[in-house]
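Here is an informal walk through one structure, taken a contact at a time. Keep the 3D view open and follow along.

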Amino acid sequence: MKNAHQLSLLTSLLALTAVPAFANPTISSPANGASVSSPFTLSADASTCSSQPISSMGYSLDNSSDTTIVHSTSINAEVSSGSGSHTVHVKSWGNKGAVCVSDVTVTVSGSGSAGASGALTVPSGAEVVSSLEALTSWQATHDTGTNGTSSGSTTLVTSPSHSGTSRKFQTSFTSNGGERYWVSFGDDVNATNFVYDAWVYIGGSSAHLANIEMDMNQVIPNGDTVIYGFQCDGWNGTWDYTENAGSPTKPVDKWVYSSQPCNPRSWSVNTWHHVQVAYSRDSSGDVTYKSVALDGKEQTINKTVNSAFASGWAPTLLTNLQIDGYGSGSATVYLDEVKVSRW
């Protein structure tokens, strides 16, 4: 027969062993089984994992090997995904290496290929130039405004494709280098309103992808070149737009962070994403960045800045795709159904 001391000790041991040795992350949004549109908000937090303080958290979709790491005890992110059923995996890591995982399943609607009509409307009388990805005059160069080095190649492929043929951009980089690809598609000095519209596909992995930049340039009647610069910024986690903080003859070109979230490493890989950007200008080259729609969900920018540069160019319209590296590595991005509407 056990004495009182032994019973007390046994009771204490049972109480200790009844406490779980782990604590999975708590996902507050989205709820398991929820129907959402893309991008959707992911909110989660964790206090401990196997009794270890949390050192970082991360999330991924479905069977993707890419995990977005957050060096914090909580996650608040906008996650982009194609339509259909998806599993969101949220992980937390203890400071001694323990790993805890929670999953939720969501159904995404109004995104990916289902969002073909998009969120931004174009007037019926607008001039539209389509299938820019199919033009044969695409060129590539390292962006000297980025660190490190880069190199890239581009070619037309039939798979993956949203329309039957897409353009593949294969980029390699060191130390956060960026490669800019561009093509001219005409000239129009008089148009003042634009909608850039494209389908974007990140192939394989997004682990080394910092920014996806989608620009348009226009020479206006006074000879200045207006740069409509726009990017999904994986460093700051926002949609950014360009501003000339100087003057056309003494330019100070800089990126301005909007309040709208975007991180290309949060986009589902091996999935088509619909990107639309609306902007306008006045006669002085003051550009109003109106809004961006990702997979059919519109995000309002509504900011006006000057973006005119005395570059000395002949009249032209051109579009850029720039891929900026995250560290050293490579990234594969595809464009399809690229069109620019103007009026």
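Let's begin with K254, which is partly exposed, with 40% relative accessible area. Bear in mind as you look that this is a predicted model. K254 has a partner: its side chain meets that of E243 in a salt bridge, 3.9 Å from N to O. With a cut-off of 4 Å for such a contact, the pair makes the list. K254 belongs to strand 20 (residues 253-261) and E243 to strand 19, so the salt bridge ties together parts that are 11 residues apart in sequence.

How many salt bridges does the rule give? The count comes to 3. Another of them joins R180 to D143, whose closest N and O atoms are 3.7 Å apart. This one connects distant parts of the chain: R180 is in strand 14 (residues 178-186), D143 is in the loop between strand 11 (139-142) and strand 12 (149-157), and 37 residues separate them. The two ends are covered to differing degrees, since R180 is partly exposed at 26% relative accessible area, while D143 counts as buried at 17%. The cut-off for buried is under 20%, so D143 at 17% falls on the buried side.

Then there's D188 with R342, a salt bridge at 2.7 Å from N to O. D188 sits in the loop between strand 14 and strand 15, R342 is in strand 26, and the two are 154 residues apart along the chain. Here D188 counts as buried at 18% relative accessibility, and R342 counts as buried too, at 10%. As a general point, side chains of opposite charge can pair when their charged atoms come close.

Now for the rings. Searching the whole structure turns up 12 aromatic pairs. Take F230 and Y289: their ring centres are 6.1 Å apart and their planes meet at 25°, so the pair is stacked. F230 is in strand 18 (residues 230-233) and Y289 in strand 22 (residues 286-294), so this contact links distant parts of the chain, 59 residues apart. Are these two rings buried or exposed? F230 counts as buried at 1% relative accessibility, and Y289 is buried at 0%.

A second pair to look at is W235 with Y326, where the ring centres lie 5.0 Å apart and the planes are at 45°, so this one is tilted. W235 is in the loop between strand 18 and strand 19 (238-244), and Y326 is in the loop between strand 25 (317-325) and strand 26 (329-342), so the pair ties together parts 91 residues apart in sequence. Y326 counts as partly exposed at 33% relative accessibility. It has a charged neighbour as well: the charged end of R265 sits over the Y326 ring, 3.9 Å from its centre.

Back to F230 and Y289, because they belong to a wider group. Ring pairs link F194, Y228, F230, W239, Y241, Y279 and Y289 into a cluster.

Y289 also takes us to strand 22 itself. Of its 9 residues, 7 are buried, so strand 22 is largely enclosed by the rest of the structure. On one side of the pairing list is strand 21 (residues 272-281), which runs antiparallel to strand 22 over 7 bridges. V277 stands opposite V292 of strand 22. The hairpin of strand 21 and strand 22 has 4 residues between the strands, and there G285 takes a positive phi near 85°.

Strand 22 also pairs with strand 23 (residues 297-306), again antiparallel, through 8 bridges. In that pairing A293 stands opposite E298. This hairpin has 2 residues between the strands, with D295 taking a positive phi near 55°.

A few more places are worth a click. T171, in strand 13 (residues 166-174), counts as buried at 0% relative accessibility. Its C-alpha is 9.9 Å from that of L209, 38 residues away along the chain. A207 lies in the loop between strand 15 (193-203) and strand 16 (209-219) and counts as partly exposed at 35%. A207 and G327 are 120 residues apart in sequence, yet 9.4 Å apart in space, C-alpha to C-alpha.

Finally, turn to the surface. V122, V128 and W343 make a nonpolar patch of about 220 Å². V128 is in strand 10 (residues 127-129) and counts as partly exposed at 39% relative accessibility.

Terms used:
Residues are numbered from 1 along each chain as its sequence is written. This is a predicted model: local features need pLDDT of at least 70, side-chain atom pairs count only at pLDDT 80 or more; totals for chains, interfaces and linings use all residues. Side-chain values use heavy atoms; hydrogens and water are left out. Patches are made of residues with over 30% relative accessible area and no salt bridge: like charges are joined within 9 Å, nonpolar side chains (Val, Leu, Ile, Met, Phe, Trp, Tyr) within 5 Å. Accessible areas come from the Shrake-Rupley method with a 1.4 Å probe; for residues, only the protein chains shown count as cover. Buried means under 20% relative accessible area, exposed over 50%, partly exposed in between (1.4 Å probe, protein chains only). Rings of Phe, Tyr and Trp (its six-membered ring) pair if their centres lie within 6.5 Å; planes under 30 degrees apart count as stacked, over 60 as edge-to-face and the rest as tilted. A charge sits over a ring if NZ of Lys or CZ of Arg is within 6 Å of the ring centre and within 35 degrees of the ring normal. Two strands pair if DSSP finds at least two bridges between them.
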